[in-house]
Amino acid sequence: MKDRLIILSFAPLLFLGSDLKVDVIDKLSTNSSVEKESLKEKTVEKCQSIYSKNQFSNLLQNKTKDYLKKSSRTGILPCSSYQQLLNQKKKGRLQRVKASIGYELDDFTHSYALLLPYTNRLLKEIGKRFNHELENTPLKGSKFIVTSLTRSTHSVKRLGKKNINSIKRSPHLHGNAMDFSFSRFHIVKQSEVTECDKIFLQETLSKILHDLKNKKKCWVTFERYEKCLHVVANKVNL
């Protein structure tokens, strides 16, 4: 019966001239596209009502002066090379970092997958909380991307030529800093990924970091220019 109704609804087109038929069909297609676009916008609005753009990320505005002194006091001394960083690992001062629950590692070009033990524990905590937040959503299993960890003075110097925000007294030199991408995520979803999904992931991660920041477990800065979340672990209850 449903198929008959669909056929009958288009039956008048059989009596129209070919040019007029094309015009009518085009209008029908246009109306359908408008409806789909309207539905898409409503879906985005509905999702954004959960987390609006930059709702939590805008609250992450720690300055270098807030953490640099403690970062240098509780971290390792700057190493000039990767080999020196490996020597710190042999002494138990640094740990090798691997992809885990909630996050994956980027292809590092100016840093190394090493962190102080308490910073590594904080990273794992963030990953577990992120994974938990997505558990009952269509984005279950998605991960954030760690883009930078511990650097040597040599890698900071190389980075300075490309990144105007890099500083010679970077907390990345002390093994207690890490950067997360704000623009890229490893997204797992059965249907099409929308802009709304990205906002949800961005603000979910930012909300977790904002909570940890309030608990004095870290300092966080939303670096708009680099599109990343810069996190410095605080050696408190970690």
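## Around helix H4 and beyond

Right after H4 comes glycine 92, with a positive phi near 85°. Keep in mind that this is a predicted model.

H4 itself spans residues 82-90, and its buried residues are Leu85, Leu86 and Gln88. Looking down the axis of H4, those buried residues sit within an arc of 155°, so they line one face of the helix. Their cover includes two strands, E1 (95-96) and E3 (114-115).

Zooming out, the protein chain has seven helices and seven strands. Read from the N terminus, the order of elements is α-α-α-α-β-β-β-α-β-α-β-α-β-β. The chain has 238 residues, and 40% of them count as buried. Take the contacts between residues at least 6 apart in sequence: 72% of these join residues at least 24 apart. As for the outside, the accessible surface of the chain is about 14,200 Å², with 53% of that belonging to carbon and sulfur atoms.

Now for some single residues. Buried or exposed: which is threonine 119? Threonine 119 counts as buried, because its relative accessibility is 0% and the cut-off for buried is under 20%. This threonine is part of helix H5 (residues 117-133). Leaving aside residues up to four places away in sequence, threonine 119 touches Gly175, Asn176, Ala177, Met178 and Ala233.

Two cysteines can be put beside threonine 119 in a small table.

| Residue | Relative accessibility | Status |
|---|---|---|
| Threonine 119 | 0% | buried |
| Cysteine 218 | 3% | buried |
| Cysteine 228 | 6% | buried |

How many disulfides does a search of the whole structure find? The answer is zero. For the record, a disulfide is a covalent bond between the sulfur atoms of two cysteines.

Aromatic rings are another story: the whole structure holds seven aromatic pairs. One of them joins phenylalanine 144 and phenylalanine 180, whose rings are 4.7 Å apart centre to centre, with 50° between the planes, which makes the pair tilted. Phenylalanine 144 belongs to strand E4 (residues 143-148) and phenylalanine 180 to strand E5 (residues 177-186), so this pair ties together parts that are 36 residues apart in sequence. Both of these phenylalanines are buried.

Which residues form one aromatic cluster with Phe144 and Phe180? They are Tyr103, Phe130 and Phe185.

Terms used. Residues are numbered from 1 along each chain as its sequence is written. This is a predicted model: local features need pLDDT of at least 70, side-chain atom pairs count only at pLDDT 80 or more; totals for chains, interfaces and linings use all residues. Side-chain values use heavy atoms; hydrogens and water are left out. A disulfide is a pair of cysteine sulfur atoms within 2.5 Å. Buried means under 20% relative accessible area, exposed over 50%, partly exposed in between (1.4 Å probe, protein chains only). Helices (H or I, at least four residues) and strands (E, at least two) are DSSP runs, numbered from the N terminus. The arc is that of the directions from the helix axis to the C-beta atoms. Contact means heavy atoms within 4.5 Å. Accessible areas come from the Shrake-Rupley method with a 1.4 Å probe; for residues, only the protein chains shown count as cover. Rings of Phe, Tyr and Trp (its six-membered ring) pair if their centres lie within 6.5 Å; planes under 30 degrees apart count as stacked, over 60 as edge-to-face and the rest as tilted.
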